[in-house]
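This report describes selected helix contacts and the surroundings of a bound ligand. The sequence and structure are shown first.

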Amino acid sequence: MTPNAPSSSAPSSPDASPIKDRSGVRVFSGIQPSGRLHLGNYLGAIRRWVHGQGATESFICVVDLHAITVYQDPEQLKRQSRELTAMLLASGIDPDRTHLFVQSHVRAHAEASWLLSCVTPLGWLERMTQYKDKSQKQKSIKTALLTYPVLQAADILLYDADEVPVGEDQKQHIELARDVAQTFNHTYGETFVVPQPKIAKVGARIMALDDPTAKMSKSSSTAKGHAVLLDDDDADILRALKRAVTDSGRDICFSDDPEKAGVNNLLTIYQLMTGKSQEATLADFASARGYGDLKKAVAEVVIEEIRPIRERYRQLMDDPAELDRLLAIGAEQARAVAEPKLVEIKEKMGFAVPAALR
Ligand code: AQP
């Protein structure tokens, strides 16, 4: 990995353009160490990050500060951050082409979040659908569950990211990050790149196998039959897909009809795994005898793709010191970009930043 050079000292005039010269598109995205990864995370986010490497400058962040917006057992959180790192590497994130790091290793994220919360109207946060959904499931709603999208905005804006590749569920949060960037730029002068959400046309919302009207999610991923997990063995994958909820018909087709959501989801997974068009996907099932054949074919392609990831993951988990070493390098590279940006934000807002930090 080539460490990023810190930006030159931040301009003191609020009107001067501070965006440092850099060639190419910069990408930022994150994933929470809040449970075992599932096929939705893989197809909606991770695989796209892997494919984008090299063509863009990528920052991929294990967002542990986000994970604690709902209670995480401390020992488990520590373990999960390492497991997630290993799974990202096993899936093809290449530390020579991607800056892979843990959010809490770069203090600028938490500090920038506070600063940005001072320009973010409360009403914007209260409107977030993920807050509404998640808060309903909590006995006691913590402040951070509401302010989470401000931290997410800080994550992205600290790196002047042009693009944020995410699943459909994150679209509203990225739009909020855009609004925060524009509001800050308007109030204090051009400071941030306004990022674009990058949402795939196919696979942006992989649905739960046990309820194809709900998205597959980490917080429900241990429920039997909810998801295919990236560390599942072949038999688990086959079992989960065989049990997938479909409908009482026999028609194998892509469809928006909620009744056909299960079949649509299975076809989408097959299409993404094989890289085929919709037409070619349907042609593969032209002579299928029913949903059993569809489920078996989906299981076969998923098993083929997941098996080497699982094997590589297990090897990586045998060497925690190497994982920590790679994360230390990633954090250093991230700090080289985030820290000067934080100084710039603070100077724009009128803080007397000590000369040693400038
Ligand atoms: N079902 C999905 N389909 C496509 N993309 C998805 N992503 C998540 N679920 C799907 C994308 O994965 C990236 C990481 O998201 P995350 O860490 O927030 O994962 P999660 O599974 O959504 O986690 P949680 O904590 O279990 O959240 P809830 O309970 O809200 O679902 C993101 O790019 C996300 O879009």
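## Contact between H3 and H13

In this predicted model, Arg82, Thr85, Ala86 and Leu89 of helix H3 meet Pro320, Leu323, Asp324, Leu326 and Leu327 of helix H13. Sorted by class, the contact of H3 with H13 comprises 6 nonpolar, 1 polar and 2 charged residues.

Helix H3 covers residues 74-91 and helix H13 covers residues 320-349. Their axes come within 10 Å and cross at roughly 80°. Angles of 65 to 115 degrees count as roughly perpendicular, and H3 and H13 are therefore roughly perpendicular to each other.

## Contact between H1 and H12

A second helix pair is formed by H1 (residues 39-52) and H12 (residues 291-317), whose axes come within 13 Å and cross at roughly 75°. This crossing angle makes H1 roughly perpendicular to H12.

On the H1 side, the contact is made by Leu39, Tyr42 and Arg47. On the H12 side, Val302, Glu305, Ile306 and Ile309 take part. The contact of H1 with H12 has 5 nonpolar and 2 charged residues, and no polar residues.

## The shell around the ligand

Helix H1 also belongs to the surroundings of the ligand: H1 gives the most to the shell, with 4 residues. Strand S1 (26-31), H1 and helix H6 (129-136) each supply at least two residues of this shell.

The ligand is surrounded by 24 residues, of which Asp169, Lys215, Ser217, Lys218 and Ser219 come nearest. By class, the residues of the shell divide into 13 polar, 6 nonpolar and 5 charged.

## Polar contacts and burial of the ligand

Which residues place polar atoms close to nitrogen atoms of the ligand? For glycine 40, a polar backbone atom is 3.2 Å from a nitrogen atom of the ligand. For isoleucine 206, a backbone N or O atom lies 2.8 Å from a nitrogen atom of the ligand. Serine 34 contributes through its side chain, a polar atom of which lies 3.4 Å from an oxygen atom of the ligand.

Taken alone, the ligand exposes 660 Å², and the protein buries 95% of that area.

Key:
Residues are numbered from 1 along each chain as its sequence is written. This is a predicted model: local features need pLDDT of at least 70, side-chain atom pairs count only at pLDDT 80 or more; totals for chains, interfaces and linings use all residues. Side-chain values use heavy atoms; hydrogens and water are left out. Axes are lines fitted to C-alpha atoms, for helices over the stretch in contact, and angles run from 0 to 180 degrees between N-to-C directions. Angles under 35 degrees count as roughly parallel, over 145 as roughly antiparallel, 65 to 115 as roughly perpendicular and the rest as oblique. Contact means heavy atoms within 4.5 Å. Ala, Val, Leu, Ile, Met, Phe, Trp, Tyr, Cys and Pro count as nonpolar, Asp, Glu, Lys and Arg as charged, and the others, Gly among them, as polar. A residue is near a molecule or strand if one of its heavy atoms lies within 4 Å of it. A polar contact is a pair of N or O atoms within 3.5 Å; within protein, one must be able to donate a hydrogen and the other to accept it, and residues adjacent in sequence count only if both atoms are side-chain atoms. Accessible areas come from the Shrake-Rupley method with a 1.4 Å probe; for residues, only the protein chains shown count as cover.
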